[in-house]
Amino acid sequence: MASEFTNWATGEGIAAGLRSSGWLIEEVDRYKFFGSGGTPALRAIQRLLRGSFRRSFNDAILKSCADLKAKAFVTIKGGDVDHSTVMTLKRKSIVTAIYYTDFHFDHHNVDINVIRDVDVMFTTKSFQVKWLHKLREGRPTYHVPHGYTPTTPQIFIEPNEREYDYDLAYIGNPDSQKLATLVAVASVFSDKKIFVAGNRWQSAAAGTALERFVVGHPLTGDFLADAHRRSRINLAMHMAPRPNGWADLVSRRTFEIPAFRGFMLHVDNPEVRTLYEVPNEIDVFANAADLIQKIQFYLDRPKLRREMIERAYRRAVPHYGHHSRGIEIDRLLRPLLG
């Protein structure tokens, strides 16, 4: 299995689900080959050596599969996996599979030929399935939703309003649509404690009513979970549509916020309503004006929020975890192994 393996990464959760289904997994960790940033000089060196890193990464995949006489090769998103690697594995009768977690395929390290030719494709996005069936010429393609990472510690706050650090939180990266919504919210609730974390928010929000609520870094893992549970209201919003019209309906946050015992206001769409009872477990909003009304409504009703948190938590845990998604992938993958 080729992925990132940390206590918060998708790969770790999927691997846990496969292991619980009887798989023995050799981890080929991308972080060991490509690193994760550092100083500007180090990043420049990493860019220069990226081709060499990628060759080493693919060589490690092929060697592991050969040494262990692997039955299957699974990768998360297919990042930096070469088409030649996939075809070599297929010629050796090793079943190849991708669990794809993004709402588009326009990434410099994702080869669309790999997406096309792997034996099995699992996408977290329901709107991609029809397009993928056509691209992949009928090869098995399934919708297996995203999830929360169950290895993150479940540290629960008391249901006392004084335990909260923030009134409102959004954790994710900016675009013009999100910025406009959050600026409107910050303008109305300027007296509240608002927390906005993610990459590039400082420049995006500069000069707006939102600027003073932005922290200058993203959050992951334990600290992401802690921020959700220590905020009275958590927002789940997604990037604006791509030119082809594709846009997220649900994402990791859809599953993480309830699993980490946070109260969730989610952008409204039909898919999220199939996952949770609205407004019994979570609530939804259609636009900025609707969101502002919902925020005020729920800030004034702490008891109702706590009741909804508990119902949403029971819905999400453990059924919406990456561990459970790994079990589903096993169920769909196993018939192809003969």
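Where in the chain does Glu281 sit? Keep that in mind while you load up: this is a predicted model, and the tour comes back to Glu281 by way of the loop between helix 12 (270–275) and strand 11 (283–285), which is its place.

**The whole chain**

Start with everything shown as cartoon. You should be looking at 15 helices and eleven strands. The radius of gyration is 21 Å, close to the 20 Å that the globule rule gives for 338 residues, so the chain is as compact as a globular protein of that length. Turn the C-alpha trace along its principal axes and the span is about 60 × 45 × 35 Å.

Now switch on a surface. About 15,400 Å² is exposed, with carbon and sulfur atoms supplying 54% of it. Of the 338 residues, 49% count as buried. Color by charge if you like: there are 46 positive and 38 negative charges, and their mean positions are 3 Å apart. For the contacts with a separation of 6 or more, 65% come from residues 24 or more positions apart.

**Stop 1: Glu281**

Select Glu281 and zoom in on that loop between helix 12 and strand 11. Is Glu281 buried or exposed? Its relative accessibility is 6%, under the 20% cut-off, so Glu281 counts as buried. Next, add Arg315. The two are 34 residues apart in sequence, yet 8.3 Å apart in space, C-alpha to C-alpha. Their side chains are joined by a polar contact of 3.0 Å. To fill in the surroundings, show Tyr276, Met308, Arg311 and Ala312, which Glu281 also touches along with Arg315.

**Stop 2: helix 1 and its cover**

Select residues 10–20, which make up helix 1. Thr10, Gly11, Gly13, Ile14, Ala15, Gly17 and Leu18 are the ones to paint as buried. A reminder while you look down the axis: an α-helix has 3.6 residues a turn, so residues three or four places apart point the same way.

What covers those buried residues? Among the elements to show are strand 1 (2–3), strand 3 (72–76), strand 4 (95–100), helix 11 (252–259) and helix 15 (322–333). Before leaving, click on Gly22, just after helix 1, where phi is positive at about 105 degrees.

**Stop 3: helix 11**

Helix 11 was part of that cover, and helix 11 is itself mostly covered: eight of its eight residues are buried. Show them as sticks and you'll find charged side chains in the set, with Arg252, Arg253 and Glu256 alongside Thr254, Phe255, Ile257, Pro258 and Ala259. Then step on to Arg261, which follows helix 11 and has a positive phi near 60 degrees.

**Stop 4: Arg54**

Jump to helix 4 (residues 50–67) and pick Arg54. Relative accessibility here is 18%, so Arg54 counts as buried. Which side chain does Arg54 meet in a polar contact of 2.6 Å? Select Asp82: that is the partner. Leaving aside residues up to four places away in sequence, Arg54 touches Phe34, Asp80, Val81, Asp82 and Asn109.

**Stop 5: Thr181**

Last, go to helix 8 (residues 176–188) and select Thr181. At 13% relative accessibility, Thr181 counts as buried too. Turn on the backbone of Gln177: its oxygen lies 3.1 Å from a polar atom of the Thr181 side chain. Beyond the residues up to four places away in sequence, Thr181 touches Met237, Ala288 and Leu291, so show those three to finish the picture.

Note on methods
Residues numbered from 1 in each chain as written. Predicted model: local features only at pLDDT ≥ 70, side-chain atom pairs only at ≥ 80, totals over all residues. Heavy atoms only, no water. Helix = DSSP H or I, 4+ residues; strand = E, 2+ residues; numbered from the N terminus. Rg over C-alpha atoms; globule rule 2.2 N^0.38 Å. Buried < 20%, exposed > 50% of the residue type's maximum accessible area, 1.4 Å probe, protein only. Contact = heavy atoms within 4.5 Å. Areas by Shrake-Rupley, 256 points an atom, 1.4 Å probe, with all protein chains shown as cover. Lys, Arg positive; Asp, Glu negative; His and termini not counted. Charge placed at Lys NZ, Arg CZ, Asp CG, Glu CD. Polar contact = N/O pair within 3.5 Å; in protein donor to acceptor, adjacent residues only side chain to side chain.
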